[in-house]
Amino acid sequence: MEQRRFAQWLKEHAIFTLMAALLVFGAVARAQIQYSISEEQKDGAAVGNIAKDLGIDHRTLKERGFRIVSTSGESMFSVNQNDGVLYVNGKMDREEICERSTPCLINLKIALENPLEIHYVTVEILDVNDHAPSFPESEMHLEIGESALPGARFQLEAARDSDSGSNSVHHYKLSHNDNFRLEVKDRGEDGKIPILILQKPLDREVIRNIILQLIAVDGGKPAKSGTMEIKINVIDINDNVPVFTKDVYSVMLSENAPIGTTVIQVNATDLDEGSNGEIIYSFGKSVNSKVRKLFDINTITGEITVEGALDYEDKDSYEIDIQASDKGIVPHTTDKSIMIKIMDINDNKPEIEVTSFSNAIPEDSRPGTIVALISVTDLDSGLNGKVSCSLEDDLPFKLMPSSQHSTYSLVSTSPLDRETKFQYDITIVAKDAGQPSLSSVKTITVQISDVNDNSPEFSISPYAFYVVENNAPGKSLFSVSASDKDTNENSVISYQIWRDGVENAYTSFININSENGEIYALKSFDFETTKTFQFHVLATDSGSPSLSSNVTVNVFILDQNDNVPVILYPVSANGSAEGVEEIPRNVNAGHLVTKVRAYDADIGYNGWLLFSLQEVSEHSLFSLDRYTGQIRTLRSFTETDEAQHKLLILVKDNGNVSLSATATVIVKVVEPKEAFAASDVKNAVKDEEENDVTFYLIITLGSVSVLFVISIIVLIVMQCSKSTDYSSKYLQDTNYDGTLCHSIQYRSGDKRYMLVGPRMSIGSTIAPGSNRNTLVIPDRRRRDSGEVSE
């Protein structure tokens, strides 16, 4: 017996394997595979090799995330990621999985990641004849009047077999007798109904009880059977059967009809009188318990009402057998079928399923990149189950329908920029075509991952920094700063001095902190040597590949009072600041004795020189102009005045800590004749000396002027390159014509100041607390722009 069953199984398995091979071959075009497997397979039984049938290299399955993403039976199957074989997960019972549905199909959805692929696999569970037919009761009692005419029909209880197809009830057999024969009515889904038909009249006086054996046989190999005993009691009298008023009963009923709704009312009549003509209604014996929970019949009126919740998606029609029986001693029963068709209403919302989803995509993804796979289903039918899918917002994404029914791909439609928007909340709306329409909403969040597509940007370009000369080597002077719109490593910036091969003496003693952009000088600056220089800083991010940008840094050296005034005249032969002047005794008041000339390499206040008499033998005789250094007589000489006078002159600058030098002038008063004689000689020598001094003075003034003009040009260019709201702290001005000194304007808070020489500019005022050396210049530009000065 076991060998025959095994041989049969091998034969079926070979057929199923052939069918599976054909299905796999056809799936090349439609990406769908179908397998067949018999029920009662043990846990771990192999169904088929999906990877092999799809032509996928089994070595890449685990790397690509080979898995089952959707199945109508969640725990029935498992897939091996090493070889791609589909296995049975647990014991499989077709009757439990599909009940009476034929064929019994399990739909699986197989997904592979990187790149994303979806394949559809259908597994058919084949029935095994593991159940025998059985009757609801082991005995059935019938009462048949002797007046029953040949051809009278008596519906018997049908046998039920949990198996399907050929393994279900195939036919019935009735034990041999002369009065009855058996007829079988095929009800399709509801099975075969045995009907007992009277062949010849019954004679109660001949036989009162008849016992028959009804055997139900299935179509399995080997076949299985079940038996019910029919006990017939022959009774007398009631010889009319109820007759229904209609030949056909059919009705349309909406699903979800409220409980108590009248479906239909049947009516039957009986020509007998009394109890033999009184009719009661009931469901036929073949009506199963599930239908009895959904419908109820009034035994008196024949009204059929809704008893439970109807669902078109569960079953769209019912054929119900009802019986009309009289109350005779030997009741007559008439059977009638009622066809109830369930009308679908739009009572199911569409369901949105995200079968595969990439929650982050790079910002440089090309348009058309697949972000997610969307499946939409609706349990309703017709227009009620026709679903359209759309996106709620105006986003750089769209839904692309695929070849599979109600499946969409969410793809990008335009370039993405994380710096503009780093996250998208995409709302998917599924809407059916019913009236009224039902819809579902699902929101997924897509993150935009960063790509190094932004170069560092400096906050200012170009930079201008002012550094006081004599700075301490190694001390931070200033810093530059750049930012990067990217994130993480792509925004980490390092700084370096850009040495592009062009000779630049200043970059050799400039260093920068690569992490924070602080710039250091390796040596001190000397204003008198260098007044301005320029270099470039390169900012590079840490992306791969890295991006960079550079900025120009202009450095302006500010003067400090570090130069002592130099006496140009008088200068003696040995180099000391000492000279002798002879003047006639008869000169008048205001006579120019001589002029002390001095020079200071510093600028501004630091180079503004003031002259003063420190020592003089006679205060009433000589005066010294504090700005020009001119020595003049205050009055005429008298006979009593001495012939020689010594003047000690102090020359100092106006720095915060002023520096000074002294010059000695010896004035000899001579008689007019001596003075003329000496003056001819001295004037010749003096003219020659003064010519030499004037030559050097012109060279010095020219050099200073050229440097000064260059500084002004650089500052003007920088001012023009900046916004109108930005102004340098120091502004050059030429409204001063003092002796060997310069002027400079600078800003402190809301006031502007100007360092000037002995002649002040028109419209300027002396700032209080400034030792009368600093002028406050009205800032018309700031007033005009709406700023308020203190």
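Me: A residue counts as buried under 20% relative accessible area, as exposed over 50%, and as partly exposed in between. In this predicted model, which of these classes does Glu278 belong to?

Reply: The relative accessible area of Glu278 is 39%. Buried residues are under 20% and exposed residues over 50%, so a value in between belongs to the remaining class. Glu278 is therefore partly exposed.

Me: Which residue forms a salt bridge with Glu278, and how many residues apart in sequence are the parts that the pair ties together?

Reply: Glu278 pairs with Lys327, with 3.3 Å between the closest N and O atoms. Because Glu278 sits in the loop between strand S18 (268-269) and strand S19 (279-283), while Lys327 sits in the loop between strand S22 (317-326) and strand S23 (333-343), the pair ties together separate parts of the sequence. Lys327 is itself partly exposed, at 40% relative accessible area. The partner is Lys327, and the separation in sequence is 49 residues.

Me: How many salt bridges does the model hold?

Reply: Side chains of opposite charge can pair when their charged atoms come close. The rule applied here asks for a side-chain nitrogen of Lys or Arg within 4 Å of a carboxyl oxygen of Asp or Glu. By this rule the number of salt bridges is 13.

Me: Where in the chain does the salt-bridge partner of Arg67 lie?

Reply: The side chain of Arg67 meets that of Glu113 in a salt bridge, at 3.1 Å from N to O. The two are 46 residues apart and link distant parts of the chain, with Arg67 in strand S3. Arg67 is partly exposed at 31%, and Glu113 is partly exposed at 21%. Glu113 lies in the loop between strand S6 (104-112) and strand S7 (117-126).

Me: Which helix contributes Lys290 to its salt bridge with Asp314?

Reply: The side chains of Lys290 and Asp314 meet at 3.5 Å, N to O. Asp314 belongs to the loop between strand S21 (303-306) and S22, 24 residues away from Lys290 in sequence. Relative accessibility is 49% for Lys290 and 48% for Asp314, so each counts as partly exposed. The element that holds Lys290 is helix H4 (residues 289-294).

Me: Which residue is linked with Glu139 and Glu229 in a network of salt bridges?

Reply: A salt bridge needs a side-chain nitrogen of Lys or Arg, so two Glu residues require such a partner. The residue that completes this network with Glu139 and Glu229 is Lys231.

Me: Is Arg64 buried or exposed, and which side chain does it contact?

Reply: Arg64 is placed in the loop between helix H2 (50-54) and strand S3 (67-71). Its relative accessible area is 13%, which means that Arg64 is buried. A polar contact of 3.0 Å joins its side chain to that of Glu117.

Me: Which residues make the nonpolar surface patch of about 240 Å²?

Reply: One member is Val706, a residue of helix H5 (residues 672-721). At 48% relative accessibility it counts as partly exposed, and patch members need over 30%. The patch is made by Val706, Leu707 and Ile710.

Me: Which residues gather with Asp425 in a surface patch of negative charge?

Reply: Asp425 has its place in strand S30 (residues 423-432). With a relative accessible area of 40%, Asp425 is partly exposed. Its companions in the patch are Glu392, Asp393 and Asp394.

Me: Where do the prolines of the cis peptide bonds Gln435 to Pro436 and Ser544 to Pro545 lie?

Reply: Omega is near 0° for the bond from Gln435 to Pro436 and about -5° for the bond joining Ser544 and Pro545. Pro436 lies in the loop between S30 and strand S31 (439-449), and Pro545 in the loop between strand S39 (532-541) and strand S40 (548-558).

Me: What is the phi value of Asn256, and what is that of Asn470?

Reply: Asn256 occupies the loop between strand S16 (249-254) and strand S17 (262-265), and Asn470 the loop between strand S33 (463-468) and strand S34 (476-479). Asn256 is partly exposed at 38%, as is Asn470 at 39%. Phi is positive in each, near 60° for Asn256 and near 65° for Asn470.

Me: How far apart in space are Gly607 and Pro565?

Reply: Gly607 is found in the loop between strand S44 (597-599) and strand S45 (610-616), and it is buried, with a relative accessible area of 0%. In sequence, 42 residues separate Gly607 from Pro565. From C-alpha to C-alpha, the distance in space is 8.0 Å.

Terms used: Residues numbered from 1 in each chain as written. Predicted model: local features only at pLDDT ≥ 70, side-chain atom pairs only at ≥ 80, totals over all residues. Heavy atoms only, no water. Patch = residues over 30% accessible without salt bridge, like charges linked within 9 Å, V, L, I, M, F, W, Y side chains within 5 Å. Areas by Shrake-Rupley, 256 points an atom, 1.4 Å probe, with all protein chains shown as cover. Helix = DSSP H or I, 4+ residues; strand = E, 2+ residues; numbered from the N terminus. Buried < 20%, exposed > 50% of the residue type's maximum accessible area, 1.4 Å probe, protein only. Lys, Arg positive; Asp, Glu negative; His and termini not counted. Charge placed at Lys NZ, Arg CZ, Asp CG, Glu CD. Polar contact = N/O pair within 3.5 Å; in protein donor to acceptor, adjacent residues only side chain to side chain.
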